[in-house]
Amino acid sequence: MSARVIGHALDNSPQNPILIEDEEDNEEAQGQEQDLNGDVKMDDLTSGSDSDYTKYWIDWFLSSKGNEYFCEVDEEYIIDRFNLTGLNSEVQHYVQALDLITDSLEEELDDDMREQVEKSARHLYGLIHARFIITSRGLSKMLEKYKKAEFGRCPRVLCVNQPLLPVGLSDQPYTKSVKLYCPRCEDIYNPKSTRHANIDGAYYGSTFPHMLFQVYPHLLPPKNTERYIPKIFGFKIHEIAKQHRWQDQQREEQQRRIAANNSNNNNEGGADNNINNP
């Protein structure tokens with residue numbers, strides 16, 4: 001998917017998390033996938049009042065393919081400049097991007113500049129979103145999506161379709177893509193769709209899912225300690241077998257190290273002999 005859907009293509013497997021199989025046909029998903037610029041021109045959104053346009057821009061953004069993990073940030077939150085402290089240094093064309101989101105962009109822009117401003121507006125909205133979802137109002141909105149399992153369900157069989165929550169592995173933009181956190185097994189997974197897998201994890205942050213359960217502790221599912229038990233012909237593999245395999249691996253590794261050291265010593269000895277006997 002084009003990184004322009006929400007920012008930049010990022011590393012998708014920092015610690016080799018388990019990949020959820022895509023339930024959608026890949027070809028169909030690619031056929032339906034569209035760039036956030038899409039066929040919608042921002043010039044066509046200038047009709048109506050300021051509040052109507054602002055709401056429409058956000059609705060347009062949220063309804064775009066790949067943005068299903070986002071909730072609607074309240075307009076009052078965006079207008080309050082205190083909530084945006086420090087973002088002007090993180091977003092290019094910050095003033096124009098914010099004006100575009102709030103329907104106050106009046107200056108005429110050429111096509112290249114408008115494309116850059118629209119890209120910055122989407123990035124700015126993502127950073128604002130990360131701050132908004134750890135407020136009481138934002139947590140409430142994300143909770144509704146969690147209850148509907150809009151972020152997907154845990155692929156681990158023993159978690160019994162536990163709903164997931166988006167989480168970032170870093171709060172710094174352009175570092176890691178968003179992952180899905182399971183509160184039952186306390187592990188992370190890749191999103192099932194490539195559209196979601198390319199979303200910047202900084203748009204959710206590393207705090208959100210844990211903050212949610214601090215505010216709503218009664219929703220925290222019990223940790224699942226049940227594990228799959230390997231068996232051969234119905235019998236569990238004895239622990240002593242695991243220990244023997246580990247001992248064999250350690251023995252082989254030690255033999256390789258000894259052989260490598262002997263080889264190095266022989267090479268050094270040969271070099272010394274060549275020096276003493278020119």
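These legends go with an overall view and several close-ups of a predicted model.

**Figure 1. The whole chain, with nine helices and six strands.** Start here to get your bearings in the predicted model. Of the 278 residues of the protein, 40% count as buried. Contacts reach a long way along the sequence: among those with a separation of 6 or more, 70% come from residues 24 or more positions apart. The protein exposes about 16600 Å², and carbon and sulfur atoms supply 47% of that area.

**Figure 2. Confidence along the chain, with a look at residues 1–54.** The average pLDDT of the protein is 79, and 76% of the residues score at least 70. Over residues 1–54, though, the pLDDT is below 50. That stretch still has 112 contacts in the model beyond near neighbours in sequence.

**Figure 3. Helix H4, mostly covered.** H4 spans residues 94–101, and seven of its eight residues are buried. The buried set reads Tyr94, Gln96, Ala97, Leu98, Asp99, Leu100 and Ile101. Look just past the helix for aspartate 103, which follows H4 and has a positive phi, near 60 degrees.

**Figure 4. The buried side of helix H8.** Phe208, Pro209, Leu212 and Phe213 are the ones to pick out here, as residues of H8 that are buried. They cover an arc of only 135 degrees around the axis, so they sit on the same side of H8. What do the buried residues of H8 pack against? Their partners are helix H6 (136–147), strand S2 (165–167) and S3.

**Figure 5. A salt bridge between two loops, glutamate 186 to lysine 223.** The side chains of glutamate 186 and lysine 223 meet here, at 3.4 Å from N to O. Glutamate 186 comes from the loop between strand S3 (179–182) and strand S4 (187–190), while lysine 223 comes from the loop between helix H8 (208–215) and strand S5 (231–232), so the pair ties together parts that are 37 residues apart in sequence. Is each partner buried or exposed? Glutamate 186 is partly exposed, at 44% relative accessibility, and lysine 223 is exposed, at 53%.

**Figure 6. Glutamate 253 and its arginine partners in helix H9.** Glutamate 253 forms a salt bridge with arginine 256, at 2.5 Å from N to O. Both of these residues lie in H9 (residues 239–276), three residues apart, or about one turn of the helix. Glutamate 253 also pairs with arginine 257, where the closest N and O atoms are 3.8 Å apart. Arginine 257 and glutamate 253 are about one helical turn apart because they are separated by four residues in H9. As for cover, glutamate 253 is partly exposed, with a relative accessible area of 30%, and arginine 257 is partly exposed too, at 45% relative accessibility.

**Figure 7. A salt-bridge network of Asp74, Arg137 and Lys141.** Here, salt bridges that share partners join Asp74, Arg137 and Lys141 into one network. How many salt bridges does the count come to? The total is seven.

**Figure 8. A nonpolar patch on the surface.** Ile232, Phe233 and Phe235 make up this patch. Together they have about 440 Å² of accessible area. To find the patch, go to strand S5, where isoleucine 232 lies.

Key: Residues numbered from 1 in each chain as written. Predicted model: local features only at pLDDT ≥ 70, side-chain atom pairs only at ≥ 80, totals over all residues. Heavy atoms only, no water. Salt bridge = Lys/Arg side-chain N within 4 Å of Asp/Glu carboxyl O. Buried < 20%, exposed > 50% of the residue type's maximum accessible area, 1.4 Å probe, protein only. Patch = residues over 30% accessible without salt bridge, like charges linked within 9 Å, V, L, I, M, F, W, Y side chains within 5 Å. Areas by Shrake-Rupley, 256 points an atom, 1.4 Å probe, with all protein chains shown as cover. pLDDT = per-residue confidence, 0-100. Contact = heavy atoms within 4.5 Å. Arc of directions from axis to C-beta.
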